[in-house]
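I opened this model to look at its largest pocket and at one helix that helps line it. My notes follow.

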Amino acid sequence: MAHQAAPDDRDAPFGAVAVVGSANLDIVVGVPRHPRLGETVIGGDHAQVPGGKGANQAVAAARLGAPTAFVGRVGTDDPGQALTRALTADGVDVTALGADPDAPSGIALIVVAEDGENTIVVSPGANSRLEPRHVEAAGVVLAEATALLVQLEVPLDTVAAAVAAARGTVVLNPAPAADLPAEVLARTDVLVPNRSELALLAGVEQEPTATEEVVALARRIEGPRAIVVTLGADGSLVVEGETVTPIPARSVDAVDATAAGDAFCAALTVRLVAGASLTDAAAYANTAAALATTRHGAQPSLPTRDEVVAALVHLEET
């Protein structure tokens, strides 16, 4: 089948991934539906789950087989200790994860509806204290990594410092949506926005719906070598030069989309450092993201390499 990773990709050599980003304790509540403005909706019991886009992507990359290091900041509080334990439990190198005595760890308040769609409010805490000097102190980690994966839940000047320090492939997930300096875009190899993030970066208010609209907006963004737009249930779209490749979504019974985007970004990066083409990496990432939606929570939902390979084998057989 076109653009699907072969079942024996599990034996491919994986390079090192460095992730610079956020770590949050997610407080998750399930609801029958999202409330309207000013409305109160009664939800179920809440759960406390390790999360944060940066930490999620680091855990996802490690579970998919890549040696992974995380550069970030937590508090010295109980959530910070829990977040650190969660990263190390999955084999992530936390040498460059600092503990800030003057700030609480970041938290995210996540409301998940019965259809799996979520809304999120983030209190950054120590994440907002991750500074360029911390990135400079982790220079060896970034210089030795085959790929840098970074998002926007930490200060933009820190993102810029990380991208400037990277020596390998730079994958940038512009989430949450924000304008990016030209110099950051110019040093980005692969930009991975969703529809709303793409619209903001392209300077338009309306999210694109049709494929041709997505392509047109992607081509407005100058700097990145390629753009992979995640489209949720519609899969993803790879725009690389003059070549446009739609990657179909995997059909699954979704229950929680909280970390699907993080699973996608990590899987894409892991396959790129293994030498896959961008389209094959995106197909692999679609499968990882789909599997992540079938379980609740952020990090608990992230699939392992064996699970992704099994899903790809099943796809080849059907």
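I sorted the lining of the largest pocket by class and got 22 nonpolar, 17 polar and 10 charged residues. The model is predicted, and I read each value below as computed from it.

I then looked up the extent of the pocket. The largest pocket holds about 1300 Å³ of space, and 49 residues line it. Nearest its centre I found N118, N194, A257, A260 and G261.

Next I asked which elements give two or more residues to this lining. I noted the strands β2 (24–31), β6 (106–113) and β7 (118–123). The helices on the list are α1 (53–63), α7 (195–202), α9 (260–273) and α10 (278–292).

I turned to α1. Is this helix buried or exposed? I counted 11 of its 11 residues as buried, so α1 is largely enclosed by the rest of the structure. The cut-off I used for buried is under 20% relative accessible area. The buried residues of α1 include K53 and R63, and also N56 and Q57. A run of alanines, A60, A61 and A62, is buried in α1 as well.

Just after α1 I checked the backbone and found G65 with a positive phi of about 105°.

Last, I compared α1 with α9, since both are on the lining list. Their axes come within 8 Å and cross at roughly 45°. The two helices are therefore oblique to each other. I recorded the crossing of α1 and α9 as right-handed.

Notes: Residues numbered from 1 in each chain as written. Predicted model: local features only at pLDDT ≥ 70, side-chain atom pairs only at ≥ 80, totals over all residues. Heavy atoms only, no water. 1 Å grid on protein atoms, 1.4 Å probe; cavity = no way out; pocket = protein on both sides within 12 Å on 5 of 7 lines; lining within 4 Å. Points joined across faces, edges and corners; volume = space filled by probe spheres on them. Helix = DSSP H or I, 4+ residues; strand = E, 2+ residues; numbered from the N terminus. Nonpolar A, V, L, I, M, F, W, Y, C, P; charged D, E, K, R; others polar. Buried < 20%, exposed > 50% of the residue type's maximum accessible area, 1.4 Å probe, protein only. Axes fitted to C-alpha atoms, helices over the stretch in contact; angles between N-to-C directions. Parallel < 35°, antiparallel > 145°, perpendicular 65-115°, else oblique. Left-handed = near helix turned anticlockwise from the far one by under 90°.
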